[in-house]
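Work through the following exercises with the sequence and the 3D structure at hand, and try each task before reading its solution.

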Amino acid sequence: PHLYLTDPSGSYFEYYAMAIGSRSQTSRTYLEKEFETFGESSLDDLIKHALKSLAASLAGDSELDSKNASVSVVGLDTPFRVIEGADIQKYLDAVTVEGDQEVEQE
């Protein structure tokens, strides 16, 4: 798979994962740390990585929820679809549980 980012000057760059927009540096840092596991990850795990990277870029008092998060999926033999609302909530719940378990282990 290929992911390209084209900047306004016309230059383009290939990535395994990318985040853009305000506060995106924190998300890119998360993706840089985790991208080597993406090849072995299931679709559900990749969606959770996407949500974790989004959560990393939120302002201090903001929280990721089903009203402000959505994930799009596309791939070989996989038509484009957007996961949002109630469908994204199960992933948000899983990310929260994983985060709680990581905190307990520390």
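A residue counts as buried when its relative accessible area is under 20%, and as exposed when that area is over 50%. The model used here is predicted.

**Exercise 1.** Describe the protein as a whole, beginning with how many of its residues count as buried.

*Solution.* Begin with burial: of the 106 residues of the protein, 21% count as buried. Next, turn to the secondary structure, where there are three helices and four strands, which follow one another along the sequence in the pattern β-β-α-α-β-β-α. Finally, consider the extent of the protein, whose C-alpha atoms fill a box of roughly 45 × 35 × 30 Å along the principal axes.

**Exercise 2.** Locate Ser 41 and decide whether this residue is buried or exposed.

*Solution.* First find Ser 41 in the loop between α1 (24–34) and α2 (43–56). Then compare its relative accessibility of 19% with the cut-off, under 20%; Ser 41 therefore counts as buried. As a last step, follow the side chain of Ser 41, which reaches the backbone oxygen of Thr 37 at 2.8 Å.

**Exercise 3.** Which residues does Ser 41 touch, if those up to four places away in sequence are not counted?

*Solution.* With that restriction, Ser 41 touches Leu 46 and His 49. Now take up His 49, which lies in helix α2 and is buried, with a relative accessible area of 10%. Under the restriction stated in the task, His 49 touches Tyr 30, Glu 34, Thr 37, Phe 38 and Ser 41.

Terms used:
Residues are numbered from 1 along each chain as its sequence is written. This is a predicted model: local features need pLDDT of at least 70, side-chain atom pairs count only at pLDDT 80 or more; totals for chains, interfaces and linings use all residues. Side-chain values use heavy atoms; hydrogens and water are left out. Helices (H or I, at least four residues) and strands (E, at least two) are DSSP runs, numbered from the N terminus. Buried means under 20% relative accessible area, exposed over 50%, partly exposed in between (1.4 Å probe, protein chains only). Contact means heavy atoms within 4.5 Å. A polar contact is a pair of N or O atoms within 3.5 Å; within protein, one must be able to donate a hydrogen and the other to accept it, and residues adjacent in sequence count only if both atoms are side-chain atoms.
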